[in-house]
Amino acid sequence: MTPLRFRRPLLIVAAAAAVLSLAAVGVVMVMAFNQAVSPVWITSTALYGLPLAFLLMLVLVIDGVAARRRTRGPGEG
């Protein structure tokens with residue numbers, strides 16, 4: 001499915017998106033606790049970053065399963 005040279009950068013992008021969106025969730029929560037309104041870009045990062053990261057990681061998992069089945073061959077295991 002995905003060539004080997006794209007797996008690691010895709011993994012890095014997914015992990016970075018997850019970390020950045022979790023940090024954005026923290027910022028939104030801290031600002032809400034202080035009765036302040038967070039900027040739209042921080043709220044959008046918190047709202048869309050985690051689903052994006054999980055979808056990218058799901059693609060990587062499916063790709064890993066498909067690659068393992070391709071190398072195993074028919075009739076093995």
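Helices here are DSSP runs of H or I that hold at least four residues, and they are numbered from the N terminus; V27, for instance, lies in helix α1. The model shown in these views is a predicted one.

**Figure 1. Overview of the predicted chain, with its two helices and zero strands.** Helix α1 covers residues 4–33, helix α2 covers residues 40–72, and a loop lies between α1 and α2. Of the 77 residues of the chain, 19% count as buried, and the accessible surface comes to about 6000 Å², with 74% of that area belonging to carbon and sulfur atoms. Among the contacts in the chain with a separation of 6 or more, 71% are accounted for by residues 24 or more positions apart.

**Figure 2. Close-up of the salt bridge between D63 and R7.** A search of the whole structure finds one salt bridge, and in this pair of D63 and R7 the closest N and O atoms are 2.7 Å apart. Because D63 lies in helix α2 and R7 in helix α1, the pair ties together parts that are 56 residues apart in sequence. Side chains of opposite charge can pair when their charged atoms come close. The two partners have their own degrees of cover: D63 counts as buried, at 1% relative accessibility, whereas R7 is partly exposed, with a relative accessible area of 25%.

**Figure 3. Close-up of S38, in the loop between α1 and α2.** Is S38 buried or exposed? With a relative accessibility of 14%, S38 counts as buried, because the cut-off for that class is under 20% relative accessible area. The side chain of S38 makes a polar contact with the side chain of T43, at 2.8 Å. When the neighbours within four places in sequence are left aside, S38 is in contact with V28, M31 and T43, so that T43 appears both in this list and as the partner in the polar contact.

**Figure 4. Close-up of Q35, a loop residue with a positive phi value.** Q35 has its place in the loop between α1 and α2, and the phi of Q35 is near 55°, a positive value in a residue other than glycine. Q35 is exposed, with a relative accessible area of 75%, while S38, which is found in the loop between α1 and α2 as well, counts as buried.

**Figure 5. Close-up of two C-alpha pairs, L52 with A17 and V27 with I42.** The place of L52 is in helix α2, and L52 is partly exposed, with a relative accessible area of 46%. Although L52 and A17 are 35 residues apart along the chain, their C-alpha atoms are separated by 7.4 Å. V27, which lies in helix α1, is also partly exposed, with a relative accessible area of 36%. The C-alpha atoms of V27 and I42 are separated by 7.8 Å, and these two residues are 15 residues apart along the chain.

**Figure 6. Close-up of a nonpolar patch on the surface, formed by L55, L58 and I62.** Together, L55, L58 and I62 have about 280 Å² of accessible area. One of these residues, I62, is found in helix α2, and I62 is partly exposed, with a relative accessible area of 42%. That value lets I62 take part, because a patch is made of residues with over 30% relative accessible area and no salt bridge.

How values were computed: Residues are numbered from 1 along each chain as its sequence is written. This is a predicted model: local features need pLDDT of at least 70, side-chain atom pairs count only at pLDDT 80 or more; totals for chains, interfaces and linings use all residues. Side-chain values use heavy atoms; hydrogens and water are left out. Buried means under 20% relative accessible area, exposed over 50%, partly exposed in between (1.4 Å probe, protein chains only). Contact means heavy atoms within 4.5 Å. Accessible areas come from the Shrake-Rupley method with a 1.4 Å probe; for residues, only the protein chains shown count as cover. Patches are made of residues with over 30% relative accessible area and no salt bridge: like charges are joined within 9 Å, nonpolar side chains (Val, Leu, Ile, Met, Phe, Trp, Tyr) within 5 Å. A salt bridge is a side-chain nitrogen of Lys or Arg within 4 Å of a carboxyl oxygen of Asp or Glu. A polar contact is a pair of N or O atoms within 3.5 Å; within protein, one must be able to donate a hydrogen and the other to accept it, and residues adjacent in sequence count only if both atoms are side-chain atoms.
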